[in-house]
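User: Please take a close look at a single part of this structure and explain it step by step for a first-year student. I should like to understand how one helix is set into its surroundings, with a word on the loops beforehand.

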Amino acid sequence: MDTKELLKKVRKIEIKTRRLSDHIFGGEYHSTFKGRGMTFSEVRQYQYGDDVRNIDWNVTARYSEPFIKVFEEERELTMMLMVDISGSEFFGTQGQFKNEVITEIAATLAFSATQNNDKIGLILFSDKIELYIPPKKGRSHVLRIIRELIEFKPQSKKTNIAEALKFLSSVMKKKAIVFVLSDFIADDFQHNMKIAAKKHDVTGIRVYDKREEEIPNLGMVQMEDEETGELMLVNTSSKKVRLNYGKFYRDRVEYYKNSFSKSGAGTINCRVDESYVKKLLGYFKARA
């Protein structure tokens with residue numbers, strides 16, 4: 001992809017996702033993810049209806065009239081976007097690949113965080129850490145994140161969510177809002193999930209295509225495993241083959257749900273042909 005085409009794509013995603021974060025998600029994000037607490041701001045004269053518990057007795061005694069302490073939310077937070085860029089994300093039958101939807105969701109979340117003056121960081125992972133961008137503020141930083149989401153070419157096509165969560169725990173010492181975006185066709189990450197969720201506010205966003213849920217009856221079909229590159233002939237007319245695949249897929253989805261819920265983390269399930277806007281809004285409102 002040449003620079004001109006890349007910038008055009010970045011701009012297109014910015015216009016769409018920024019509009020969403022400005023008009024829909026900014027307030028929802030702010031009320032869902034609170035700051036670290038309240039910090040003292042100033043004192044002012046007492047007004048009718050103020051909480052008497054906030055009266056500053058020292059200042060009140062000095063001026064012989066009541067003054068109260070004013071507090072404001074200590075807002076600054078850090079958002080980490082953890083994005084699966086393994087081979088299975090480059091799949092789609094509904095007009096969009098999973099990775100394209102993931103990029104839009106990540107951009108919308110990043111702009112929502114920027115609107116609230118929070119820092120945003122990025123971890124791109126396959127079965128290893130492909131790229132780490134430390135958290136920073138600002139529009140130009142978000143545009144860099146979008147650029148990487150669009151054009152980054154992973155070295156590996158495999159997935160290791162446990163490794164990504166382990167890396168998160170090692171680089172993020174303070175509490176962060178963490179969104180893990182993947183199709184979660186993986187297992188063995190429950191232990192690392194528990195460790196990460198103890199320290200951070202974690203949400204898993206599962207992006208999937210309805211064609212992945214079951215194999216249609218198409219006779220003998222040559223299929224390629226997106227993560228290993230292995231080609232194989234599959235008899236899709238076999239009921240046993242279709243049942244086995246269906247069980248494999250459902251088991252992975254169940255593992256994802258259990259791993260997150262048992263760790264106290266949140267989950268969002270978004271099919272590529274569904275509105276991720278509704279899914280995110282529903283999640284934010286339920287939490288707020």
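Analyst: **Loops, a helix and its surroundings**

Ser64 counts as exposed, because its relative accessibility is 68%, and the cut-off for that term is over 50%. The structure shown is a predicted model. Ser64 sits in the loop that connects α2 (57-63) with β2 (67-74). Its phi is positive, about 60°, although Ser64 is not a glycine. Most residues other than glycine have a negative phi. Asp188 is a further case: its phi is near 65°, again positive in a residue other than glycine. This residue belongs to the loop between β6 and α6, and Asp188 counts as exposed because its relative accessibility is 61%.

The setting may be described briefly before the helix itself. The protein contains eight helices and ten strands. It has 288 residues, of which 45% count as buried. About 15,500 Å² of the protein is exposed, and carbon and sulfur atoms supply 49% of that area. If one takes the contacts between residues at least 6 apart in sequence, 74% of them join residues at least 24 apart.

The part to examine closely is helix α5, which covers residues 161-171. At its start, a side-chain oxygen of Asn160 comes to within 3.2 Å of the backbone nitrogen of Ala162. Which residues of α5 are buried? They are Ile161, Ala162, Ala164, Leu165, Leu168 and Ser169. When the helix is viewed down its axis, these buried residues fall within an arc of 160°, and therefore they line one face of α5. What, then, covers the buried residues of α5? The cover includes four strands and a helix: β3 (78-84), β4 (119-125), β5 (129-136), β6 (177-182) and α6 (190-199).

Three of these covering strands are joined to one another through β4. Between β3 and β4 there are seven bridges, and the two strands run parallel. Within that pairing, Val83 stands opposite Leu124 of β4. On β4 and β5 the arrangement is antiparallel, with five bridges joining the two strands. Here Leu122 stands opposite Ile133 of β5. β4 and β5 form a hairpin, with three residues between them. Of the seven residues of β4, six are buried, so the strand is largely enclosed by the rest of the structure. In a regular strand, the side chains alternate between the two faces of the sheet.

The other covering helix, α6, leads to one more helix. Ser259 lies in α7, which spans residues 239-262. Is Ser259 buried or exposed? Ser259 is buried, because its relative accessible area is 0%. Once neighbours within four places in sequence are set aside, Ser259 is in contact with Phe189, Gln190 and Met193. The helix α6 covers residues 190-199. Ser259 and Asp187 are 72 residues apart in sequence, while their C-alpha atoms are 9.2 Å apart in space.

To draw the picture together: the buried residues of α5 line one face of that helix. Their cover includes β4, a strand that is itself largely enclosed.

Terms used: Residues are numbered from 1 along each chain as its sequence is written. This is a predicted model: local features need pLDDT of at least 70, side-chain atom pairs count only at pLDDT 80 or more; totals for chains, interfaces and linings use all residues. Side-chain values use heavy atoms; hydrogens and water are left out. Buried means under 20% relative accessible area, exposed over 50%, partly exposed in between (1.4 Å probe, protein chains only). The arc is that of the directions from the helix axis to the C-beta atoms. Contact means heavy atoms within 4.5 Å. A polar contact is a pair of N or O atoms within 3.5 Å; within protein, one must be able to donate a hydrogen and the other to accept it, and residues adjacent in sequence count only if both atoms are side-chain atoms. Two strands pair if DSSP finds at least two bridges between them. Accessible areas come from the Shrake-Rupley method with a 1.4 Å probe; for residues, only the protein chains shown count as cover.
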